[in-house]
Amino acid sequence: MPEIVSNLIDVYPYRMQDASPQYLLLHRDPAVVYAGDWRMIGGKVREGEAASEAARREITEETACNILRLWTVPSVNSFYERETDTVHLIPAFAAELGCAEPVLNHEHDQFGWFDFEEALERLRWPEQRRLLTAVQEELARGIPVSWRVE
């Protein structure tokens, strides 16, 4: 029976340009896992760390950007990893960032700010596309205060 784990987080970063979101995607370096993929921010939750704390830390580590607003996406990324026979359940967050030029860590070799359709086309994983769509829809509706991470 597969093991079910929840030790990762996803963050869908964006900035507002003329009242429309632009999404930050990071291109994975050839020397790391998921090499060559365009992805949002992701990472592991450390021992004793809340998922929202991991989200903040990963944003800082991967972009050095200022976080203007962090909120919980009311869904999770889920996928099966055959090599380890593991089902992953990954809390998802969205973050409005206050920078134009992120400072990338060793995991990434480039970045881009993309409108929704461009970002959707670049994301390879179906669950990531689904969650980006959820972020886009919620930004259009307005983020409920209860979803905000203070």
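Me: Let's start with Phe79 in this predicted model. Is Phe79 buried or exposed, and what is its relative accessible area?
Reply: The cut-off for buried is under 20% relative accessible area. Phe79, which sits in strand β6, falls under that cut-off, so it counts as buried, with a relative accessible area of 17%.

Me: And Trp125: buried, partly exposed or exposed?
Reply: Trp125 is in the loop between α2 (116-122) and α3 (126-141). Its relative accessible area comes to 21%. Partly exposed covers what lies between the 20% and 50% cut-offs, so Trp125 is partly exposed.

Me: What kind of aromatic pair do Phe79 and Trp125 form?
Reply: Their ring centres are 4.9 Å apart, and the planes make an angle of 85 degrees. Planes over 60 degrees apart fall in one class, so this pair is edge-to-face.

Me: How many residues apart in sequence are the parts that this pair ties together?
Reply: One ring belongs to strand β6 and the other to the loop between α2 and α3. The pair therefore ties together parts of the chain with a sequence separation of 46 residues.

Me: Which residues do ring pairs link into a cluster here?
Reply: Searching the whole structure turns up 5 aromatic pairs. Phe79 with Trp125 is an edge-to-face one. Ring pairs also bring in a tyrosine, and the cluster consists of Tyr34, Phe79 and Trp125.

Me: Which residue lies over the face of Trp125, and at what distance from the ring centre?
Reply: For a charge to sit over a ring, CZ of Arg has to be within 6 Å of the ring centre. An arginine does this at Trp125. The residue is Arg39, at 5.7 Å.

Me: Over which ring does the charged end of Arg122 sit?
Reply: Here too the 6 Å cut-off applies. The charged end of Arg122 is 5.2 Å from the ring centre, and the ring belongs to Trp38.

Me: Moving to the largest pocket: which residues are the closest to its centre?
Reply: This pocket has a volume of about 510 Å³. Its lining counts 26 residues. The closest to the centre are Leu8, Val33, Tyr34, Arg39 and Gly43.

Me: Which element gives the largest share of that lining?
Reply: Elements that give two or more residues are β2 (8-17), β5 (41-44), α1 (51-63), β6 (67-81) and β7 (86-97). The largest share is 4 residues, and it comes from β5.

Me: How do the lining residues of the largest pocket divide into nonpolar, polar and charged?
Reply: Gly counts as polar in this split. The division is 10 nonpolar, 7 polar and 9 charged.

Me: What about Ile9: how far in space is its C-alpha from that of Arg57?
Reply: Ile9 lies in strand β2 and is buried, at 1% relative accessibility. Arg57 is 48 residues away along the chain. Their C-alpha atoms are separated by 11 Å.

Me: How far apart in space are Gly98 and Tyr14?
Reply: Gly98 is in the loop between β7 and β8 (108-114), and it is partly exposed at 41% relative accessible area. In sequence, Gly98 and Tyr14 are 84 residues apart. C-alpha to C-alpha, the gap is 9.0 Å.

Me: Last one, on the whole chain: what is its radius of gyration?
Reply: The chain has 3 helices and 9 strands, and 47% of its 150 residues count as buried. The globule rule gives 15 Å for 150 residues, and the chain comes close to that, so it is as compact as a globular protein of that length. Its radius of gyration is 15 Å.

Methods. Residues numbered from 1 in each chain as written. Predicted model: local features only at pLDDT ≥ 70, side-chain atom pairs only at ≥ 80, totals over all residues. Heavy atoms only, no water. 1 Å grid on protein atoms, 1.4 Å probe; cavity = no way out; pocket = protein on both sides within 12 Å on 5 of 7 lines; lining within 4 Å. Points joined across faces, edges and corners; volume = space filled by probe spheres on them. Phe/Tyr/Trp six-rings, centres within 6.5 Å; stacked < 30°, edge-to-face > 60°. Buried < 20%, exposed > 50% of the residue type's maximum accessible area, 1.4 Å probe, protein only. Lys NZ or Arg CZ within 6 Å of the ring centre and 35° of its normal. Rg over C-alpha atoms; globule rule 2.2 N^0.38 Å.
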